[in-house]
Amino acid sequence: MNDSSIDHHHIWHPYSAMNSPFPVYEVESAEGVYLTLKDGRKLIDGMSSWWCMIHGYNHPTMNAAIESQLKKMSHVMFGGLTHEPAIKLTERLVKITPEPLEKVFYSDSGSVAVEVAMKIAIQYWHGKAQTDKHKFIALRSAYHGDTFAAMSVSDPETGMHSLFNDVLIKQIFIDQPGSRFGESCQQNDINQLESVLKNHGDDVAALIMEPIVQGAGGMWFYSADFLRQAKSLCEKYNVLLILDEIATGFGRTGKLFACEHANISPDIMCVGKALTGGYMTLAATLTTQEISDTIDQGEPGVFMHGPTFMANPLACTAACSSIDLLLSSDWENSIKQIEMQLSNGLEQCKEFQHVNDVRILGAIGVVEMKQAVNMKTITEKFVNAGVWIRPFGKLVYLMPPYTISAQELDTLIQALVLVLKEQQQ
Ligand SMILES: *Cc1c(COP(=O)(O)O)cnc(C)c1O
């Protein structure tokens, strides 16, 4: 069997059938914003490998940091032991995240960071002898991951709740906020939230949401005012606020963390994806002193979670290096430039008759079509145009590495516009 037939017969890809009609492209290497395919073609990466590769691939500074750590130790268990990479990363995370967040739990993926956040919330209320508070309020069109608790707070339709109906925990859903980013919040968005908080406050542990940008559930940018008001309502009704910054964290929306658009801080926050600059899999859940103290004082006196690869030293080193690179760069300006170029370049798509909406925020540009695109043909067209863009459903979007040059971004935008224009005919 050759490589592609082994892949085809034996490997599952994300959300795919084993006998998938869709081709997968074999990547041989990657450098800067370019992916080099096995057949020699070079593609500009418009996806940052799903929000992650913010500094581009094969970055010399990050490579050097990881190589140096590799020579010391690649892994050691975290039970009863600790190490410098974890300590240094924690120092950085506590410093750059909103003020009251100062306790950090490391895990190996975003979904697990969400599971951990939900367990922290439940254990917190348990510690306060309010054991009825174990439900969660979540937003329609949300995406928080693929494990069971994370799925239970993701959109019921795209999250396939009917398929897993008997096993998924039933949570409380409200509509996605209709008010767009940059607008003030419509009263009915807030009314809905307030009414569920009023009715369910006694059995709800937390409201969980992606701040400002709903990612994989619909690429929707909502009003910062909604987030601000949601925070005050959580306080009013004695419910914790979990913000899932896994996609938005580390500058993507133009602020280091998207909650800064609303000037609020959550009780619990999840980060992942760009945390390591896309080099290694690592995620973290952060919370406050008050919450961790309450968990310590409750039964059984410890927080009940502990992954085998917790705080992997190579991953922590990659994360430190990525954060240092980001903070030492003029990232705010880079994001602003990307935002402007995306706005100017994608604007014309609004005129296309099969386009429903175009929206830009920070280094994210979304073209929402009226109908789902044909993934197979559109991907081929993008690859032939020398770009890597992976739409889902009606959404064709760009979220390039922050290091992309104006010229490379122009190529990416032109390819997207041209392929969408062709779709029209
Ligand atoms: C990707 C994502 C997750 C899940 O992270 P994984 O690392 O894929 O488990 C959770 N929440 C949000 C907002 C995400 O974008």
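Good morning. I begin with Ser111, which counts as buried because its relative accessibility is 16%, and buried means under 20% relative accessible area. The structure in front of you is a predicted model, and every value I quote is computed from that model.

Ser111 sits in helix α5, which covers residues 110-127. What does the side chain of Ser111 reach at 3.2 Å? Its partner is the backbone nitrogen of Asp146. If we set aside the neighbours within four places in sequence, Ser111 is in contact with His144, Gly145, Asp146, Thr147 and Ala150.

Ser111 also brings us to the ligand, since Ser111 is one of the residues that surround the ligand. The others in that shell are Ser109, Gly110, Tyr143, His144, Gly145, Glu210, Asp244, Ile246, Ala247 and Lys273. His144 and Gly145 therefore appear twice in this account: they are in contact with Ser111, and they belong to the shell around the ligand, where a heavy atom within 4 Å is the criterion. By residue class, the shell divides into 3 nonpolar, 5 polar and 3 charged residues.

Let me turn to the polar contacts of the ligand. A polar backbone atom of Gly110 lies 2.9 Å from an oxygen atom of the ligand. The side chain of Asp244 places an N or O atom 2.6 Å from a nitrogen atom of the ligand. For Lys273, an N or O atom of the side chain is 2.6 Å from an oxygen atom of the ligand. How much of the ligand does the protein bury? Taken alone, the ligand exposes 380 Å², and the protein buries 82% of that.

My next topic is charge pairing. Side chains of opposite charge can pair when their charged atoms come close. In this model the count comes to 16 salt bridges, and I shall describe a few of them.

Consider Glu84 and Lys88. Their closest N and O atoms are 3.6 Å apart, and the two residues form a salt bridge. Where do Glu84 and Lys88 lie? Both are in helix α4, residues 84-96, and they are 4 residues apart, about one turn of the helix. Glu84 counts as partly exposed because its relative accessibility is 47%. Lys88, at 36% relative accessibility, likewise counts as partly exposed.

The pair of Asp175 and Arg140 has another setting. Their side chains meet in a salt bridge, with N to O at 3.4 Å. This pair links distant parts of the chain, 35 residues apart. Asp175 is in the loop between β6 (172-174) and α7 (187-200), while Arg140 is in the loop between β5 (135-139) and α6 (148-152). Asp175 has 41% relative accessibility and so counts as partly exposed; Arg140, at 33%, also counts as partly exposed.

A further salt bridge joins the side chains of Arg359 and Glu368, with 2.8 Å from N to O. Are Arg359 and Glu368 buried or exposed? Both Arg359 and Glu368 are buried. They also take part in a network of salt bridges that links Arg180, Asp357, Arg359 and Glu368.

I now return briefly to serine, with Ser328 in helix α10, residues 313-328. Ser328 counts as exposed because its relative accessibility is 62%, whereas Ser111 counts as buried at 16%. A polar atom of the Ser328 side chain lies 2.9 Å from the backbone oxygen of Asp324. The side chain of Ser328 also reaches the backbone oxygen of Leu325, at 3.2 Å.

Finally, some points of backbone geometry. Most residues other than glycine have a negative phi, and most peptide bonds are trans. Which peptide bond is cis, with omega near -5°? It is the bond from Glu299 to Pro300. Pro300 lies in the loop between α9 (289-297) and α10.

Positive phi values also occur in residues other than glycine. For Ser49, phi is near 45°. Ser49 lies in helix α2, residues 48-51, and its relative accessible area of 38% makes it partly exposed. For Phe250, phi is near 70°. Phe250 is in the loop between β10 (240-244) and β11 (268-271), and it counts as buried because its relative accessibility is 1%.

To close, I return to the ligand: Gly110 approaches it through a polar backbone atom, and Asp244 and Lys273 approach it through their side chains. Thank you for your attention.

Key:
Residues are numbered from 1 along each chain as its sequence is written. This is a predicted model: local features need pLDDT of at least 70, side-chain atom pairs count only at pLDDT 80 or more; totals for chains, interfaces and linings use all residues. Side-chain values use heavy atoms; hydrogens and water are left out. A polar contact is a pair of N or O atoms within 3.5 Å; within protein, one must be able to donate a hydrogen and the other to accept it, and residues adjacent in sequence count only if both atoms are side-chain atoms. Accessible areas come from the Shrake-Rupley method with a 1.4 Å probe; for residues, only the protein chains shown count as cover. Ala, Val, Leu, Ile, Met, Phe, Trp, Tyr, Cys and Pro count as nonpolar, Asp, Glu, Lys and Arg as charged, and the others, Gly among them, as polar. A salt bridge is a side-chain nitrogen of Lys or Arg within 4 Å of a carboxyl oxygen of Asp or Glu. Helices (H or I, at least four residues) and strands (E, at least two) are DSSP runs, numbered from the N terminus. Buried means under 20% relative accessible area, exposed over 50%, partly exposed in between (1.4 Å probe, protein chains only). Contact means heavy atoms within 4.5 Å.
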